Structures are given as structure tokens and as C-alpha cells.
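Welcome, and please load the model in your viewer. We will go from one selection to the next, with a short note on what to look for at each stop.

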Amino acid sequence: MPADEVMIVTSLRLPKAVMDQVRERAKDRGVKPTALIREWVEAALAREDAVVPISVIMAAVGEYQHRRAS
């Protein structure tokens, strides 16, 4: 990120289970959760033209529901 880039603070509401996973992944990588979320958002924007098949979305939903039930 360029030194002269202005950063904006924003608020984001996430389910506790999702934020717990973000914290765990951030810890595993040795970064803060906000840095990891920022990285994910920037990566998603870089591929904004990419099409995500509904099967991939449904698989992610199923995995999320399975993990929540565990």
C-alpha cells in the first residue's frame, strides 16, 4: 500500500462463529484479524469479474452449517 493512501475506518457485523474463524486464521498467519479481512476484500475486488458458480456457494454454505452444528 502506498504511504500516501488514505485509510477509512468502517464497521462490519459478522456472526460470532464467523469472527471466531477469522481470528483463528489470522492467528495462524501471524496477522491481526482486520489485516486479514482487508486482504480478503482487496483480493475479492481484484477478481471482481470472476464468476462464482452456485455449486461453490452452496458447498460453502453447507460447510458453514456443518461447522456451526459441530
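Let us begin with colouring by pLDDT, which is the predictor's confidence in each residue, from 0 to 100. Helices, for the stops below, are DSSP runs of H or I with at least four residues, while strands are E runs of at least two, and both are numbered from the N terminus. Among the elements of the protein, helix H1 (residues 16–29) has the highest mean pLDDT, 92, and H3 the lowest, 81. Over the protein, the mean pLDDT is 84, with 90% of the residues at 70 or more. Where pLDDT is low, the predicted coordinates should not be read in detail.

Two notes before we select anything. This is a predicted model, so local features need pLDDT of at least 70 and side-chain atom pairs count only at pLDDT 80 or more, while totals for chains, interfaces and linings use all residues. Residues are numbered from 1 along each chain as its sequence is written, and side-chain values use heavy atoms, with hydrogens and water left out.

**Stop 1: salt bridges in helix H1**

Select Lys16 and Asp20 and show their side chains. They meet in a salt bridge, 2.7 Å from N to O; the term stands for a side-chain nitrogen of Lys or Arg within 4 Å of a carboxyl oxygen of Asp or Glu. Lys16 and Asp20 are separated by about one helical turn, because they are 4 residues apart in helix H1.

Now add Arg23. Asp20 forms a salt bridge with Arg23 too, and here the closest N and O atoms are 3.5 Å apart. Both residues lie in helix H1, 3 residues apart, which is again about one turn of the helix.

Are these side chains buried or exposed? The scale is relative accessible area with a 1.4 Å probe and protein chains only: under 20% is buried, over 50% is exposed, and anything in between is partly exposed. Lys16 is exposed at 62%, whereas Asp20 is partly exposed at 33% and Arg23 is partly exposed at 45%.

**Stop 2: from helix H1 to helix H2**

Next, select Arg29 and Glu39, whose side chains meet in a salt bridge of 3.0 Å, N to O. This pair links distant parts of the chain, with Arg29 in helix H1 and Glu39 in helix H2, 10 residues apart. Arg29 is partly exposed, at 46% relative accessibility, and Glu39 is partly exposed as well, at 36%. Back in helix H1, salt bridges that share partners join Lys16, Asp20 and Arg23 into one network. The structure holds 4 salt bridges.

While Glu39 is selected, try a distance to Glu5: the two are 34 residues apart along the chain, and their C-alpha atoms are separated by 15 Å. Then pick Ala35, also placed in helix H2 and partly exposed at 25% relative accessibility. From its C-alpha to that of Ala17, 18 residues away along the chain, the separation is 18 Å.

**Stop 3: the largest pocket**

Switch to a surface view. Which pocket residues should you select? The largest pocket holds about 470 Å³ of space. Of the 13 residues that line this pocket, the closest to its centre are Ile8, Thr10, Thr34, Ile37 and Arg38. Helix H2 (residues 33–46) gives the most to the lining, with 5 residues.

A pocket here is an open set of points on a 1 Å grid over the protein atoms alone, with protein on both sides within 12 Å along at least five of seven lines; a cavity is a set where a 1.4 Å probe fits but cannot get out, and lining residues have an atom within 4 Å of a point. The points are joined across faces, edges and corners, and the volume is the space filled by probe spheres set on them.

**Stop 4: a nonpolar patch**

Finally, select Ile54, Ile57, Met58 and Val61. These residues form a nonpolar patch on the surface, with about 370 Å² of accessible area together. Patch residues have over 30% relative accessible area and no salt bridge; nonpolar side chains (Val, Leu, Ile, Met, Phe, Trp, Tyr) are joined within 5 Å and like charges within 9 Å. Areas come from the Shrake-Rupley method with a 1.4 Å probe, and for residues only the protein chains shown count as cover.

Ile54 lies in helix H3 (residues 54–69) and is exposed at 59%. Ile57, found in helix H3, is partly exposed at 39%. Met58 is in helix H3 and counts as exposed at 52%. For a last distance, Met58 and Val41 are 17 residues apart in sequence and 20 Å apart in space, C-alpha to C-alpha.
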